[in-house]
Amino acid sequence: MGGPQLASTAHAQSKPFHWAADSSADVPYTFHDLKDQNKLTGFEYDLMQELSRHMGAPLDFINNDWDGLIPGLQRGLYDMVICGIEMTDEHAEGIDFSIPYYVTSERLVVRRKGKQLTTMADLEGHTVGTIKDTQAERMLTNNTKISLRTYDEETDAFMDLVNGRTDAILIDGPIAKYYGETNPDLHIVGAPIGRVQYGIAFAKGKNTELRERVNAALVAMQQDGSLHHILTRWDLWTPEMAQLTNDQTQPNVTPAAWNAYVAELQGKGGFRVKLERYAGFVPQLVRAAGLTLLVSLCAMVVAVALGLGLALLRLYGPRPLAWLAATYVELVRGTPLLIQVLFIFYGLPEFGISMSPFVAGVVSLGMNYAAYEAENYRAGLQSVAHGQMEAALALNMTHAQALRYVLVPQAFRLVMPVMTNDFISLLKDSSLVSVITLTELTQTYIRLSSAYFDYFGTGLMVGAAYLLLGLPFVRLARLAEKRLSMPHTRRR
């Protein structure tokens, strides 16, 4: 009895390590349980829980967008990444890998009532989809007779196949199984193609000791059969895994996780069930809407303050400062907002400037919209009659006082409608902060819609959430416009 207690105590006292994955649409790797969206599941998630026990150290999960996983690893946001990352020569140039924890192959998925394309040769002259930056993409790219379409999300690739926009999908075995075999309109055809190995990723040249501990734990999991059990539960044990681990046994384990997923995905239907599911989405959408609103409001405060300062510098500041303000406006307006978000969050730490995801989101959105607000204020200031400044100076005001009390208030009233439009646009553009680990409304929509293959109903709910967030501010802006446009009369 003392042994488990000592192991538990050692586990609690060990330094926690952090691992990351993209859980938004990552079946069957790490994803949100269909029965309870607040819980994570998946064969890689189970693998990491077992890895934690074998290492005797807690492993804490951090969610990140797929495109941000490796940049976040290199920045040091977490210690390792496990997200079906293929062990290729190209990937090995930028990251270090553990030993393989899973080996599979590429599979072809086609429509049951479509052309039965069972080999790579059959794909010639047809449109084939796959996930970008994968081994399957490179295989398809090598054949110029195949029309290739790449996707960020698995669900988009399979929806296009179902709708006839593509003729086949070439994709990793686990994805083919969980997206292809569960859809009555699709099926997997042909023999396995090629060989795909997954490894846990580490920052290049760093965390060598941790990587060795992970490798030792993975070897132990192979030897004691725990890895075999996990993969069998998810119905993902492959001949390649048997060869890799030299494990030809057949454990008395049922594919319970696979059966539960299929039952939850296909076993329920009807309008009432959908309504109950949508009702379960409400708390998650409320939390995501709160984050969206908070980021947008804080960013708009930054945009208004910085934009006004830039406009004043361009019109009334010294020539060097006016030139710098104009350069800032043109530079920011001429580059994509997404690039700016990624640069601020992942690029600036190389110069010692590190921000939390929330602060980076607010700063990037605020600095971007400040450029547009600056031009709005500049137009508003130039629209105020020149006589207003002369009258203010004649009343013995200083130049600064004239700007503060006379010109800026009048310009502010003129640009109020444009500011309202800009805030609504900023509210929607806040979706881009999902690439730096913030789970706002759009990221929540991607996760929920891809989990249940329901883009329509979930899309209506998220669209309504954005509408409800924006309408009160439109109303407040109109009231403010009406108030500011009223003539100054003595109250009776």
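**Reading cavities, cysteines and helices**

Q: Which element gives the largest share of the lining of the largest cavity?
A: Strand E10 does, with three residues. This is a predicted model. E10 spans 168-172. Strand E8 (127-131) also supplies at least two residues of that lining.

Q: How many cavities of 30 Å³ or more does the structure hold?
A: A cavity is a space where a 1.4 Å probe fits but cannot get out. Here there are two of 30 Å³ or more. The largest has a volume of about 280 Å³. It is lined by 25 residues, and the closest to its centre are Trp-66, Cys-83, Ile-131, Glu-154 and Ile-175.

Q: How do the residues of that lining divide into nonpolar, polar and charged?
A: Sort the lining residues by type. The result is 11 nonpolar, four polar and 10 charged.

Q: Where does the largest cavity lie with respect to domain 1 and domain 2?
A: Check which domains feed the lining. Domain 1 (17-101 + 200-268) and domain 2 (103-196) both contribute residues, so the cavity lies between them.

Q: Is Cys-83 buried or exposed?
A: Read the relative accessible area against the cut-off: under 20% is buried. Cys-83 has 3%, so it is buried. Cys-298 has 28%, so it is partly exposed.

Q: How many disulfides does the structure hold?
A: Look for pairs of cysteine sulfur atoms within 2.5 Å. The structure holds zero disulfides.

Q: Which residues of helix H6 are buried?
A: Start with helix geometry. An α-helix has 3.6 residues a turn, so residues three or four places apart point the same way. Now take H6, residues 154-162. Its buried residues are Glu-154, Thr-155, Ala-157, Phe-158, Asp-160 and Leu-161. Glu-154 is also among the residues closest to the centre of the largest cavity.

Q: Which residue just after H6 takes a positive phi?
A: Gly-164, with a phi of about 80 degrees.

Q: Where is Gly-56 found?
A: Place a residue by its neighbouring elements, then by its accessibility. Gly-56 sits in the loop between helix H2 (43-55) and strand E4 (59-63). Its relative accessible area is 23%, so it is partly exposed. Then check contacts along the chain. Gly-56 and Ala-217 are 161 residues apart in sequence, with their C-alpha atoms separated by 9.5 Å.

Q: Which residues does UniProt list for "transmembrane region"?
A: Take the record, then test it on the model. The unreviewed UniProt entry lists 291-313 and 455-477. Over 291-313 the chain is 100% helix and 0% strand. The end C-alpha atoms of that stretch are 33 Å apart.

Conventions. Residues are numbered from 1 along each chain as its sequence is written. This is a predicted model: local features need pLDDT of at least 70, side-chain atom pairs count only at pLDDT 80 or more; totals for chains, interfaces and linings use all residues. Side-chain values use heavy atoms; hydrogens and water are left out. On a 1 Å grid over the protein atoms alone, a cavity is a set of points where a 1.4 Å probe fits but cannot get out, and a pocket is an open set with protein on both sides within 12 Å along at least five of seven lines; lining residues have an atom within 4 Å of a point. Grid points are joined across faces, edges and corners, and a volume is the space filled by probe spheres set on the points. Helices (H or I, at least four residues) and strands (E, at least two) are DSSP runs, numbered from the N terminus. Ala, Val, Leu, Ile, Met, Phe, Trp, Tyr, Cys and Pro count as nonpolar, Asp, Glu, Lys and Arg as charged, and the others, Gly among them, as polar. Domain bounds come from an automatic or database domain assignment. Buried means under 20% relative accessible area, exposed over 50%, partly exposed in between (1.4 Å probe, protein chains only). UniProt positions are given in the numbering used here, feature names are shortened, and annotations may be inferred rather than shown by experiment.
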